[in-house]
Amino acid sequence: MKIGIIDPSLREEGHHAYFNRYLAELLRTAGIEVLIADFNHTLHRRYEKEDFSMVNVADALPTKRFSALESSRFVGLMVHPALAAFYRDIGKKLSATDVNIWILSSYDVYTVPFICYSGIRFDHTIPVVHSLKHLRGKIRPWGRSFWVPFLLNYNLSRSKLILYLAGDHEKFFKRTGSKNHRLLIPYNTVSEDLIDVDNRHRMHERFRICTLGIIRDDKDIPSVIDVVGNHDDIDYYVGGAVARGLDADYEALLRSHSDHGGNIIVNLNYLTHQAYHDEIQKAHFSIIPIMNKYEKNVQLTGLMIDSLVNKRPFIGPDIYPLNEWVAKYDVG
């Protein structure tokens, strides 16, 4: 059996590249042959070694070429002829492979044109639901806020299997009357051989905390900087690529610390997989300053899971999913 993985929302920054690899490794562990669809050889450049079959399906990332999808509904409509041509060509390349089932490793606004124009059959896709943000729209028959949730939920209803990442997603599927087969998969796992390995020697000699991952407005890093700036005995490391459209004042504050010699260390660049995990292990705690968007969207945060994988506790606000993991497992 051979299964394909395609990420309609692939980005160079963030967790996308390594989540796709993680899915491929899970499938391979189960003895399943995998083909990964790549855009502009992005995944090929990100993976340290080439140990999966890959097919490059486009010379550009859709998230860069069609960023208008993330703006107004009127601009979004104007790009659809180009979207149709883009995804029809991708559909032809996918059809030329020996893969019948495609896992959609992202499920958001970019998935809609892929499904509509590529020619891939609904019942030949397996969506991976990361959050409920794009599945709950406003009841009005115009604009993206209606049609994106409608089409995404319609695709869910036709897919034979749904994969999801947060336990609370199951409540949503039950409320909507979904009758698909559904499977909760762990966001990240660690080999049993590594569970008992003591890595405390990797901690920095000074007390160190960190916030890692893509830098967005829904992470209140400035508040943490304000507090830690008054405590010279604590180092605070901030690392990650800057998201498009980040508030100018927010970015200026971070950049003012990027070449500062004090206890605030800011690196506004994409961290490789290895560098990301190295920085977690250097820290004594991870700081996860997320806002209530995560709770509202029933969305996991990768830094929480990756901190636990690296045996580091986290500090964050009393919102889902952080509070659930603190209450259940006493890890923050």
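Buried means under 20% relative accessible area, exposed over 50%, and partly exposed in between, with a 1.4 Å probe and protein chains only. The model is predicted: local features need pLDDT of at least 70, side-chain atom pairs count only at pLDDT 80 or more, and totals for chains, interfaces and linings use all residues. Residues are numbered from 1 along each chain as its sequence is written, and side-chain values use heavy atoms, with hydrogens and water left out.

**Exercise 1. Classify Lys311 by accessibility and describe its backbone.**

Step 1. The relative accessibility of Lys311 is 31%, so Lys311 counts as partly exposed.
Step 2. Lys311 lies in the loop between α14 (302-309) and β12. Helices (H or I, at least four residues) and strands (E, at least two) are DSSP runs, numbered from the N terminus.
Step 3. Phi of Lys311 is positive, about 65 degrees, although Lys311 is not a glycine.

**Exercise 2. Do the same for Asn40.**

Step 1. Asn40 has a relative accessible area of 29% and is therefore partly exposed.
Step 2. The loop that holds Asn40 runs between β2 and α2 (42-46).
Step 3. Phi is near 55 degrees, a positive value in a residue other than glycine.

**Exercise 3. Find the cis peptide bond that involves Pro321 and place this proline.**

Step 1. The cis bond joins Tyr320 and Pro321, with omega about 5 degrees.
Step 2. Pro321 is in the loop between β12 (314-315) and α15 (322-329).

**Exercise 4. Compare the span of helix α5 with the expected one, then list its buried residues and their packing partners.**

Step 1. Helix α5 covers residues 80-95, which is 16 residues. The expected span is 1.5 Å times one less than the number of residues.
Step 2. From first C-alpha to last, α5 reaches 22 Å, close to the 22 Å expected.
Step 3. Leu83, Ala84, Phe86, Tyr87, Ile90, Gly91 and Leu94 are the buried residues of α5.
Step 4. These buried residues pack against β1 (2-6), β2 (33-39), β3 (53-58), α3 (62-65), β4 (101-104) and α6 (111-118).

**Exercise 5. Describe the largest nonpolar core and the surroundings of Phe114.**

Step 1. A nonpolar core is a set of buried Ala, Val, Leu, Ile, Met, Phe, Trp, Tyr and Cys residues joined through side-chain atoms within 4.5 Å.
Step 2. The largest such core has 79 residues, and those with the most contacts inside it are Ile6, Phe39, Ile90, Leu94, Phe114 and Val129.
Step 3. Helix α1 (residues 16-29) gives the most to this core, with seven residues.
Step 4. Not counting residues up to four places away in sequence, Phe114 touches Ile6, Pro8, Tyr87, Ile90, Leu94, Leu104 and Ile120, where contact means heavy atoms within 4.5 Å.
Step 5. A second, separate core of 16 residues includes Ile209, Val224, Ile225 and Ile264.

**Exercise 6. Locate His130 and list its contacts.**

Step 1. His130 sits in the loop between β5 (125-129) and α7 (144-158).
Step 2. Its side chain reaches the backbone oxygen of Ser105 at 2.7 Å.
Step 3. Neighbours within four places in sequence aside, His130 is in contact with His15, Phe19, Ser105, Ser106, Leu165, His169, Val298, Gln299 and Leu300.

**Exercise 7. Count the disulfides, then classify Cys116 and Cys210 by accessibility.**

Step 1. A disulfide is taken as a pair of cysteine sulfur atoms within 2.5 Å, and the structure holds zero of them.
Step 2. Cys116, at 44% relative accessibility, counts as partly exposed.
Step 3. Cys210 has a relative accessible area of 0% and is buried.

Notes
Polar contact = N/O pair within 3.5 Å; in protein donor to acceptor, adjacent residues only side chain to side chain.
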